[in-house]
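Thanks, everyone. I'll put the model up and walk through it strand by strand, then move to the core and a few single residues.

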Amino acid sequence: MTVMPRRPALPFLSRPPRVSVLRLQGTIGGAGRIGGGGLTDAGLAPLVERAFRRGRPAAVALVVNSPGGSPVQSSLIAARIRRLAAETKLPVHAFVEDVAASGGYWLACAADDIWADDSSILGSIGVISASFGFPEFLARHGIERRVHTAGGSKSFLDPFRPEKPEDVDRLKSLQEQIHASFIAHVRARRGDRLAARDDLFTGEVFVGQGAVEAGLADGIAHPVPKLKELYGDKVRMTVLARRRPLLRRIGTEAAGQLIGAAEEHALWSRYGL
């Protein structure tokens, strides 16, 4: 049997490389469970799959702009990105816009390298829990709180009862476990690029070149020029982004969505945004 040699590809028929650009914009989980606007693994799954598998891309670029949110959703989304990167053997690049903090930085670490603007905010590798307490308000207005539980911990951190030291201790224990997972993820992804300094995992944030010096980013760069540098001037970029929920697009928000918007505003405002 004679094997015919393959004809060489004609240069004028070859296509320029294509990079899938996946926008990860907004809070993670949290407010999204109420108003449908947050980043969740289930909501992003079709876009992430498309970014890696449609059209034979040469790479995937993540454009991250998130102040954080749910650690579980951050972990699930990042794990999906890494799983698909391994299956398709595609490089992943992250580009930070205004902020990649807390869970937003967790997502950025799913990439093989991280690039930022001079004024981008990165880091906040920590865990936070914020709430209000109303016991004195209820007493002042003659309102009686009635709670009946089976299990002593079911009314844990009830905002309508005085704060208990044992509840605070338990909360801190839970936060430390989540913090340890966050640190392990950053160390696994950034490795020896991380600087040897004491403030990396304290919840501190770093700006632009400071993030590069701390090892949280690899350099200062924007998506288009950097991707052209890596894949040539003719590289094509296909942008993938979530559509806003219908109610938000037409300007109608229910009470629950207003609460979600307030939660989202509080997260962004921590970074002056």
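Start at Val 21, which stands opposite Val 239 in β8. This is a predicted model, by the way. The pairing here joins β1 and strand β8, residues 236-240. The two run in the parallel sense, over 5 bridges.

Now look at the other partner of β1. Strand β1 covers residues 18-25, and pairs with β2 over 7 bridges. Again the sense is parallel. Val 21 stands opposite Ala 61 in β2. So Val 21 has a bridge partner in β8 and another in β2, by DSSP strand assignment. Ser 20 in turn stands opposite Val 60 of β2.

Next, β2 and its other neighbour. Strand β3, residues 92-101, pairs with β2 in the parallel sense. That pairing has 6 bridges. One pair to click on is Val 64 with its bridge partner in β3, Val 96. Between the strands comes a helix: β2, α3 and β3 make a right-handed β-α-β unit.

How covered are these strands? In β1, 6 of the 8 residues are buried. In β2, 8 of 8 are. Let's take β2 face by face. In a regular strand, side chains alternate between the two faces of the sheet. On one side of β2 sit Ala 59, Ala 61, Val 63 and Asn 65. On the other sit Val 60, Leu 62, Val 64 and Ser 66. Every one of these is buried, so both faces of β2 are covered.

On to the core. Which residues touch the most other members of the largest nonpolar core? They are Leu 24, Phe 52, Leu 62, Ile 81, Tyr 105, Ile 114 and Leu 216, and that core has 46 residues. Take Leu 24. Setting aside residues up to four places away in sequence, Leu 24 touches Leu 39, Leu 44, Leu 62, Val 63, Val 64, Asn 65, Ser 66, Ile 81 and Leu 107. Apart from this core lies another, of 10 residues. Among them are Val 19, Ala 61, Ala 221 and Leu 227.

Tyr 105 deserves a stop too. Tyr 105 is in helix α4. Buried or exposed, at its relative accessibility? Buried, because the value is 0% and the cut-off is under 20%. Beyond its neighbours within four places in sequence, Tyr 105 is in contact with Ala 100, Ile 114, Leu 122, Gly 123, Ile 125, Val 186, Arg 190 and Leu 216. Check the Leu 122 pair in particular. Tyr 105 and Leu 122 are 17 residues apart in sequence, and 6.5 Å apart from C-alpha to C-alpha.

Now two backbone oddities. Most residues other than glycine have a negative phi. Arg 56 has a positive one, about 50 degrees. Ser 102 also has a positive phi, near 50 degrees. Their settings are as follows. Arg 56 lies in the loop between α2 and β2, and counts as exposed because its relative accessibility is 81%. Ser 102 is in the loop between β3 and α4, residues 103-108. Ser 102 is buried, because its relative accessible area is 15%.

One more serine: Ser 70. Ser 70 lies in the loop between β2, residues 59-66, and α3, residues 71-88. With 13% relative accessibility, Ser 70 counts as buried. A polar atom of the Ser 70 side chain lies 3.3 Å from the backbone nitrogen of Val 72.

Then Pro 46. Pro 46 lies in helix α2, residues 41-53. Its relative accessible area is 49%, so Pro 46 is partly exposed. Pro 46 and Arg 242 are 196 residues apart in sequence. In space, C-alpha to C-alpha, the two are 9.8 Å apart.

Last, the totals. There are 10 helices and 8 strands in the protein. Of its 273 residues, 39% count as buried. The protein exposes about 15800 Å², with carbon and sulfur atoms supplying 55% of that. As for contacts, take those with a separation of 6 or more. Residues 24 or more positions apart account for 74% of them.

That's the tour. Over to you.

Note on methods:
Residues are numbered from 1 along each chain as its sequence is written. This is a predicted model: local features need pLDDT of at least 70, side-chain atom pairs count only at pLDDT 80 or more; totals for chains, interfaces and linings use all residues. Side-chain values use heavy atoms; hydrogens and water are left out. A nonpolar core is a set of buried Ala, Val, Leu, Ile, Met, Phe, Trp, Tyr and Cys residues joined through side-chain atoms within 4.5 Å. Buried means under 20% relative accessible area, exposed over 50%, partly exposed in between (1.4 Å probe, protein chains only). Contact means heavy atoms within 4.5 Å. Helices (H or I, at least four residues) and strands (E, at least two) are DSSP runs, numbered from the N terminus. Accessible areas come from the Shrake-Rupley method with a 1.4 Å probe; for residues, only the protein chains shown count as cover. A polar contact is a pair of N or O atoms within 3.5 Å; within protein, one must be able to donate a hydrogen and the other to accept it, and residues adjacent in sequence count only if both atoms are side-chain atoms. Two strands pair if DSSP finds at least two bridges between them. A crossover is right-handed if, with the strands pointing away from the viewer, the path from the first strand over the helix to the second runs clockwise.
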